[in-house]
There are 2 protein chains.
Amino acid sequence: MKLAVVGLGLIGGSMAKDLRRTKFATEIIGVDNNPENAQIALKLGIADRIESLDKAVKEADIVIVAVPVDMIVQLLPYILDHISASTTVIDVGSTKREIAEAVKNHPLRGNFVPTHPMSGTENSGPMAAVEHLFDDKICIICDQGKCRPQHLALVEKMYQSLGMPTAYMTSDEQDHTTAFISHLPHATSFALANAVLAVEDRNIIFDLASAGFQSTVRLAKSSPQMWAPIFWQNRDYIYEALEVYVRHLEEFKESLKNNNYERLSELIVNANKIRGVLNGGNSSLTKNEETIIKLYTK
Amino acid sequence: MKLAVVGLGLIGGSMAKDLRRTKFATEIIGVDNNPENAQIALKLGIADRIESLDKAVKEADIVIVAVPVDMIVQLLPYILDHISASTTVIDVGSTKREIAEAVKNHPLRGNFVPTHPMSGTENSGPMAAVEHLFDDKICIICDQGKCRPQHLALVEKMYQSLGMPTAYMTSDEQDHTTAFISHLPHATSFALANAVLAVEDRNIIFDLASAGFQSTVRLAKSSPQMWAPIFWQNRDYIYEALEVYVRHLEEFKESLKNNNYERLSELIVNANKIRGVLNGGNSSLTKNEETIIKLYTK
């Protein structure tokens with residue numbers, strides 16, 4: 001299988017590494033608008049060779065578009081214009097509504113499978129690419145009814161070889177869900193970094209930075225080139241998520257202001273429920289089983 | 001050296017393990033108001049024997065008070081009442097003003113060294129105790145002028161054997177700094193957990209939980225028995241920190257609401273500065289060197 005990876009950064013590079021390791025890909029053609037990154041990717045063995053976008057997408061069995069989401073919107077119609085009729089195209093962006101909109105009337109829309117492999121780190125560029133980044137993480141596939149079944153099947157097989165279970169939802173559902181599970185945590189982390197950076201005696205604070213602080217601000221190190229466009233494309237749902245979040249912060253503030261120890265304790269006890277939910281505890285997942293089953297089965 | 005550890009949980013248990021490993025302690029007497037935890041600590045080899053509070057503190061060279069901060073305030077005067085005149089007492093609580101206040105007029109105030117070893121995990125109890133929890137983390141020592149020099153020296157030697165550099169500040173400075181570096185990240189994490197737990201399709205969200213979400217809500221799993229009293233004792237500074245934080249979240253909301261992409265990008269670029277500051281980059285630390293030197297040298 002011949003792969004073209006457009007954007008040789010953290011996600012594109014990591015996928016290339018794993019797809020080579022699992023032998024899903026036999027040849028990997030790299031494309032990057034940054035010649036330096038392209039050369040690094042070549043040296044790191046992420047790509048076998050570097051080609052122009054036009055040449056790469058014409059040759060490939062699968063094209064993986066792994067650039068920031070604003071560039072996906074721009075590149076995707078062009079890529080669909082230039083592939084052969086049998087080529088499969090996927091994007092791996094964190095948003096989906098604008099991307100889906102950009103190609104909804106394209107004659108080769110059925111060749112395109114919108115996907116969101118839910119993994120990453122706070123680092124970026126080809127040097128950040130690592131093996132096993134996607135093991136056991138979930139990949140969301142959107143609007144699968146609009147994909148031609150052969151292309152969908154091949155993409156599912158590809159994610160299977162990456163060790164990723166797939167979930168199915170509409171672009172709108174994906175953007176709403178991802179606003180809470182991924183974009184909101186990034187916003188909370190960016191704001192925490194900004195808040196502490198603004199404090200007068202911030203240097204003392206950083207010198208004392210504990211593991212708790214480090215883990216909570218980790219995401220604040222994430223690339224603006226990647227994240228500003230994500231926030232932008234999903235701004236209505238992220239705004240909604242931020243409103244919900246600030247409301248919950250205000251509850252903490254109120255309990256402190258009103259000297260309401262009981263309420264404060266309740267808020268912490270409630271937050272603790274996240275432990276059961278995230279640590280493989282399925283008790284709360286059974287409640288809405290129907291919804292999940294609906295989403296996870298086509 | 002004979003140690004009494006009052007409270008055989010995450011912090012007390014981990015300190016006991018390391019102080020035994022480094023041979024700083026030759027005998028460890030455990031005290032816990034929960035008989036089950038006491039027995040677990042005994043079985044895990046955290047304590048050599050379990051005694052009553054009175055008996056343990058009378059025998060010990062050093063008493064480590066490692067219970068929730070509301071209990072420290074209650075126990076500390078009693079412990080100072082019952083130690084021999086040569087015994088050193090430390091607490092390891094995350095707040096300091098109320099604790100210092102509780103014993104400020106005690107005749108043996110000089111035997112007490114208020115400390116805050118800045119490490120931990122989201123887990124609690126003796127089973128959560130681990131070796132090397134404190135390696136290279138900072139320990140804050142408060143109001144050192146009020147400690148008799150022999151007791152201060154012994155405590156410094158103890159933290160040295162744990163591999164912890166020490167920083168010196170007043171109880172008030174410690175509570176303010178810790179509000180931002182430790183208590184605020186916990187609040188942001190508790191609120192994030194509560195926000196997502198409140199979302200209607202929360203089960204889908206949890207099933208998709210990515211590494212980013214997991215790392216940002218990790219602290220939300222922390223024990224309410226430990227954290228409600230910390231928030232309570234430090235409520236004025238935590239309220240201040242939350243106000244600063246919410247202001248920075250509102251900036252994100254505003255940039256989204258006003259369709260101000262440039263401002264949104266600026267906010268993320270600014271947050272990225274945390275990378276240089278936390279990853280050992282000292283460029284921004286040099287600015288306030290004087291303050292730091294003042295704080296770190298007695």
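## How the two copies are related

In this predicted model, a turn of 180° with a shift of 0.0 Å along the axis lays chain A on chain B, and the RMSD is 0.0 Å. The two copies are thus related as by a two-fold rotation axis. To find that axis in the structure, look for Thr216(A): among the residues of chain A, its C-alpha comes closest to the axis, at 2.4 Å.

## Where the chains meet

How many residues does each chain bring to the contact? Chain A gives 84 residues, and chain B gives 84 residues. On the side of chain A that touches chain B, at least two residues come from each of α7, α8 (202-207), α9 (211-217), α10 (224-233), α11 (235-257), α12 (261-271), α13 (273-278) and α14 (289-296). Helix α7(A) gives the most to this side, with 18 residues.

Sorted by class, the side of chain A that touches chain B holds 52 nonpolar, 21 polar and eleven charged residues. Of the interface residues of chain A, 100% are also interface residues in chain B, so the copies meet through the same surface.

## The α7 pair

Let us start with α7, which spans residues 171-198 in chain A and residues 171-198 in chain B. These two helices pack at an angle of about 160°, and their axes are 11 Å apart. Angles over 145 degrees count as roughly antiparallel, and that makes α7(A) roughly antiparallel to α7(B). Their crossing is right-handed.

From α7(A), the contact is made by Phe180(A), Pro185(A), Thr188(A), Leu192(A) and Val196(A). From α7(B), the contributors are Phe180(B), Pro185(B), Thr188(B), Leu192(B) and Val196(B). By class, this contact has eight nonpolar residues, two polar ones and no charged ones.

## The α11 pair

Helix α11 offers another place to look. The axes of α11(A) and α11(B), the latter covering residues 235-257 of chain B, come within 10 Å and cross at roughly 165°. The two helices are therefore roughly antiparallel to each other. Left-handed or right-handed, how does α11(A) pass α11(B)? The crossing of α11(A) and α11(B) is left-handed.

Among the residues making this contact on α11(A) are Arg235(A), Ile238(A), Tyr239(A), Leu242(A) and Lys257(A). On α11(B), they include Val246(B), Leu249(B), Phe252(B), Lys253(B) and Leu256(B). Taken by class, the contact of α11(A) with α11(B) has 14 nonpolar, no polar and six charged residues.

## The sheet in each chain

Now turn to the strands. In chain A, eight of them form an open sheet with mixed pairing, in the order β3-β2-β1-β4-β5-β6-β7-β8. Which strands stand at the edges? They are β3 (49-50) and β8 (166-169) of chain A; each has a single partner strand, so one side of each is left without a neighbour in the sheet. Further in, β6 (residues 112-117) and β7 (residues 139-142) of chain A run antiparallel and are joined by three bridges. Pro117(A) has Cys139(A) of β7(A) as its bridge partner.

Chain B also has an open sheet of eight strands, ordered β3-β2-β1-β4-β5-β6-β7-β8 and mixed in its pairing. At its edges stand β3 (49-50) and β8 (166-169) of chain B, each with a single partner strand, so one side of each has no neighbour in the sheet. Three bridges link the antiparallel strands β6 (residues 112-117) and β7 (residues 139-142) of chain B, and Pro117(B) stands opposite Cys139(B) in β7(B).

Technical notes: Residues are numbered from 1 along each chain as its sequence is written. Chains are lettered from A and ligands numbered from 1 in the order in which they are written. This is a predicted model: local features need pLDDT of at least 70, side-chain atom pairs count only at pLDDT 80 or more; totals for chains, interfaces and linings use all residues. Copies are superposed by least squares on the C-alpha atoms of residues with pLDDT of at least 70 in both. Two residues are in contact if their C-beta atoms, placed from the backbone, lie within 7 Å. Axes are lines fitted to C-alpha atoms, for helices over the stretch in contact, and angles run from 0 to 180 degrees between N-to-C directions. Helices (H or I, at least four residues) and strands (E, at least two) are DSSP runs, numbered from the N terminus. Angles under 35 degrees count as roughly parallel, over 145 as roughly antiparallel, 65 to 115 as roughly perpendicular and the rest as oblique. A crossing is left-handed if the near helix is turned anticlockwise from the far one by less than a right angle, and right-handed if clockwise. Ala, Val, Leu, Ile, Met, Phe, Trp, Tyr, Cys and Pro count as nonpolar, Asp, Glu, Lys and Arg as charged, and the others, Gly among them, as polar. Two strands pair if DSSP finds at least two bridges between them.
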